[in-house]
Amino acid sequence: MADDKREVEKTPGADTPSRNGQALSSASASEAQHEEHRERGGVVAGKARKGMFGASGSGDTSGFGGLRLPAHVVAPSERPYGGWFDEVADELLAAIHERGLPADTVQQVTVDRGEITFYLRREHLVDVARILRDDPALRFELCSSVSGVDYGVDAPQRLHSVYHLTSMTYHRRIRLEVAVDVDDAHVPSVVSVYPTADWQEREAWDMFGIVYDGHPGLTRILMPDDWDGHPQRKDYPLGGIPVEYKGAEIPPPDQRRSYS
């Protein structure tokens, strides 16, 4: 790695996740704590969830009524992150500072299930991607995936654009994530930095409606050009399954009732 030791500036929401010094628990934090966390630059975690497909009450025949899920954003992690994660985080934050980007460019850093995720403000995404690609101590030369996520109508900043970057030089993988509101689902395109993101951003637009500003040709890639809506959004109608030999239709999971 680089021999020079850079001075690292602390990033709000990255190493100081809450006012009491403890990690902000996604499941138990109050709305006031989430709002305070967001005002300091962090990503709003949302609430713990249960069930799927909007089923409630007596349950549903899809079998997902008893599912319990954590909040959609894992709490910020505290130092040390472990392994090479600290080295990459230090180099990235130092490079951001050297290039004059705001201190809250990285909203938070999360290590979960052996993977590190940097949550970024969307207006600085392209600059950070270029740093990760070009900095000799980082060298994340490949964007192997761009994907969209929709955490549902009850989640704040429900749409997330997720980037998986690979360093072939140092054999490392990291994730970048940008969270936006559905009413302002604009994220700058990274195609100018990672050409492999071209068709992947098109797919995320097609399925989730995330608008990648500056994309060279943001058109549908799976659905017909005149298709109405974005099929992988949580509020998109699930639809039923026609059963021709009976002339009937199986209702979508959110409309099924329990028979027990």
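Reader: What is the relative accessibility of Asp104?
Author: Asp104 counts as partly exposed. That class lies between buried (under 20% relative accessible area) and exposed (over 50%), taken with a 1.4 Å probe and protein chains only. For Asp104 the value is 25%.

Reader: What pLDDT do local features need?
Author: Residues are numbered from 1 along each chain as its sequence is written, and side-chain values use heavy atoms, with hydrogens and water left out. This is a predicted model: totals for chains, interfaces and linings use all residues, side-chain atom pairs count only at pLDDT 80 or more, and local features need pLDDT of at least 70.

Reader: How many residues apart are Asp104 and Arg121?
Author: Asp104 and Arg121 form a salt bridge (a side-chain nitrogen of Lys or Arg within 4 Å of a carboxyl oxygen of Asp or Glu), with the closest N and O atoms 3.1 Å apart. Asp104 sits in the loop between α2 and β3, Arg121 in the loop between β4 and α3. Helices (H or I, at least four residues) and strands (E, at least two) are DSSP runs, numbered from the N terminus. The pair links distant parts of the chain, 17 residues apart.

Reader: How far apart in sequence are the parts that Asp90 and Arg79 tie together?
Author: Asp90 forms a salt bridge with Arg79, at 2.9 Å between the closest N and O atoms. Asp90 lies in helix α2, and Arg79 in the loop between β2 (68-69) and α2, so the pair ties together parts separated by 11 residues.

Reader: Which residues do shared salt-bridge partners join into one network?
Author: The whole structure holds 11 salt bridges. One of them joins Arg133 and Asp134 at 2.7 Å. Where partners are shared, one network forms from Arg79, Asp86 and Asp90.

Reader: What is the average twist between strands of the sheet?
Author: The open sheet has five strands in the order β3-β4-β7-β6-β5, with mixed pairing (two strands pair if DSSP finds at least two bridges between them). Strands β3 (106-112) and β5 (142-150) each have a single partner strand, so one side of each lacks a neighbour in the sheet. From one strand to the next, the twist averages 20°.

Reader: Which residue of β7 is the bridge partner of His164?
Author: Strands β6 (residues 159-167) and β7 (residues 172-180) run antiparallel and are joined by nine bridges. Across them, His164 is partnered by Arg175.

Reader: What angle does α2 make with β4?
Author: Helix α2 (residues 85-98) packs on the sheet, touching β3, β4 (115-120) and β7 (contact means heavy atoms within 4.5 Å). Axes are lines fitted to C-alpha atoms, for helices over the stretch in contact, and angles run from 0 to 180 degrees between N-to-C directions. For α2 and β4 the angle is about 20°.

Reader: Which helix gives the most to the largest nonpolar core?
Author: A nonpolar core is a set of buried Ala, Val, Leu, Ile, Met, Phe, Trp, Tyr and Cys residues joined through side-chain atoms within 4.5 Å. The largest has 43 residues; among those touching the most other members are Phe118 and Ile174. Seven residues come from the top contributor, α2.

Reader: How many of the nine residues of β6 are buried?
Author: Strand β6 is joined to antiparallel β5 by eight bridges. It is largely enclosed by the rest of the structure, because its buried residues number eight.
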